[in-house]
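Here is a short set of exercises to work through with the model open beside you. Try each task on your own before reading its solution.

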Amino acid sequence: MSAGEGEFELIRRIAERVPAHPRIKLGIGDDCAVIHGANERDRLVTTDMLMDGRHFELGSATSEQVGFKALAVNLSDIAAMAGEPVAAFVAVALPRGNAAVIAEGLLRGMLPLASEFGVALAGGDTNAWDGPLVICITVIGDAVAPGPVTRSGAEPGDVLFVTGSLGGSLTGRHLAPRPRVFEALALHRAVRLKAMIDLSDGLSSDLAHVLKASGDLGAIIESDSIPIHPDAHSEALRDQRTALEHALHDGEDFELCFAVSAADAVVLERDPPQGVRPIRIGTIRREPGMFMKHADGSVTMLQRAGFDHLARPNS
Ligand code: ADP
Ligand code: MG
């Protein structure tokens, strides 16, 4: 890795070196991989690793919360493709000395969530070592007709929505994310979802992924329409940033951001699927770049400032 290279550049270089495979419809680069299911539904696969000292601090977070979060973030990636989660595989590196207690806590966190979403805990791997807790979960899901929703299908004129309010998750919400699996399936039934992503790194960063994957498109966001979570307001009182900045750039909201045609946007706003609150935030444009339109009519650039694991090693 060259100095200063970011996480996404590294992943891009890995993706370039991985050869194509006839069973892989969609490989590295989206929320899940799509595996061609010969004679059956396509299969979704996603994996995410959480490390003590990096994604949580064991002590301020319980092992139960860590188990919950580790499974929830994977379910969120299945939601981002509008898939149905089926089975989870849990690999752990447990701190020696306290291994059994922590393993029990992780399981207590995962079981209710697995049950709620109909996911089997179907396997994994257990290790103990002198290092901190690491948990890596892989979730397998089924694609749902008319097919998985990728990051790459947005077109100029499409309308952008999010499924809930954003920002300030670090005050505690990040430990108990709500994977929007059912919401995604309901939306998938109601309209044609053209592109979708779950907001893990922050709206400005994750929207940039959609725009890039959809062929270097741009977007204009209405600043007044961004749903700001109360936690973003409390974070804003603690630092120099506004609540809106927190909503735009903070990570780990795990709401969905998606694009639909202008006609489907009207349908969604008039008649949202039960249990879903689609919030219109802006429009896709042909001109590249992200912009914000303010209440007074002025337009400013929206800088991408979300989370990059390699760019901010101490955050
Ligand atoms: P998400 O935030 O949705 O979990 P990531 O930003 O972690 O997505 O990853 C983006 C894409 O890159 C995904 O398709 C993921 O599977 C892939 N990816 C990430 N790290 C690696 C790696 N080390 N090797 C291969 N693929 C990777
Ligand atoms: Mg994702």
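**Exercise 1. A cysteine and its surroundings**

Task: Find out whether cysteine 257 is buried or exposed, and how many disulfides the model has.

Solution: Keep in mind that you are looking at a predicted model. Start with accessibility: cysteine 257 has a relative accessibility of 2%, so it counts as buried, the cut-off being under 20%. Next, look for a partner. The closest cysteine sulfur to that of cysteine 257 belongs to cysteine 32, and at 16 Å it is too far for a bond. Now repeat the search from cysteine 136. Its closest cysteine sulfur is again in cysteine 32, at 14 Å, which is also too far for a bond. A disulfide needs two cysteine sulfur atoms within 2.5 Å. By this rule the count is 0 disulfides.

**Exercise 2. The magnesium site**

Task: Work out which residues are the protein donors of the magnesium ion (ligand 2), and where aspartate 77 and aspartate 198 sit in the chain.

Solution: First, list the donors. Asp31, Asp77 and Asp198 each contribute an OD atom, at 2.0 to 2.1 Å from the magnesium ion. Second, read their spacing along the chain, which is D-x45-D-x120-D. Third, place two of them on secondary structure: aspartate 77 belongs to helix H2 (residues 63-80), while aspartate 198 is in strand E8 (residues 195-198). These two are 121 residues apart, so the pair links distant parts of the chain. Finally, check their exposure. Aspartate 77 has a relative accessible area of 8% and is buried, and aspartate 198 is buried too, at 1% relative accessibility.

**Exercise 3. The shell around ligand 1**

Task: Describe which residues surround ligand 1, and identify polar contacts to its oxygen atoms.

Solution: Begin with the shell. Ligand 1 is surrounded by Phe8, Ile11, Ile14, Ile28, Gly29, Asp30, Asp31, Asp48, Asp77, Arg151 and Ser200. Sort these by character, and you get 4 nonpolar, 2 polar and 5 charged residues. Then ask where they come from: helix H1 (residues 7-17) gives the largest share, with 3 residues.

Now for the contacts, each of them to an oxygen atom of the ligand:

- Aspartate 30 uses a backbone N or O atom, at 2.9 Å.
- Aspartate 31 uses a polar side-chain atom, at 3.0 Å.
- Serine 200 also uses a polar side-chain atom, at 3.2 Å.

As a last step, consider coverage. On its own, ligand 1 has 560 Å² of accessible area, and the protein covers 66% of that. Notice that Asp31 and Asp77, both in this shell, are also donors of the magnesium ion.

**Exercise 4. Unusual backbone geometry**

Task: Which peptide bond is cis at proline 146, and what is the phi of aspartate 216 and of glutamate 252?

Solution: Recall the background: most residues other than glycine have a negative phi, and most peptide bonds are trans. Take the peptide bond first. Alanine 145 and proline 146 are joined by a cis bond with an omega of about 5°. Proline 146 lies in the loop between strand E6 (134-142) and strand E7 (159-162).

Turn next to phi. Aspartate 216 is not a glycine, yet its phi is positive, about 55°. This residue is in the loop between helix H5 (203-213) and strand E9 (218-222), and is partly exposed at 48% relative accessible area. Glutamate 252 has a positive phi as well, about 60°. Its loop runs between helix H7 (243-249) and strand E10 (256-260), and glutamate 252 is partly exposed at 21% relative accessibility.

Definitions and conventions. Residues numbered from 1 in each chain as written. Chains lettered and ligands numbered in written order. Predicted model: local features only at pLDDT ≥ 70, side-chain atom pairs only at ≥ 80, totals over all residues. Heavy atoms only, no water. Donors = N, O, S within 2.8 Å, 3.2 Å for Na, K, Ca; no water. Helix = DSSP H or I, 4+ residues; strand = E, 2+ residues; numbered from the N terminus. Buried < 20%, exposed > 50% of the residue type's maximum accessible area, 1.4 Å probe, protein only. Near = heavy atom within 4 Å. Polar contact = N/O pair within 3.5 Å; in protein donor to acceptor, adjacent residues only side chain to side chain. Areas by Shrake-Rupley, 256 points an atom, 1.4 Å probe, with all protein chains shown as cover. Nonpolar A, V, L, I, M, F, W, Y, C, P; charged D, E, K, R; others polar.
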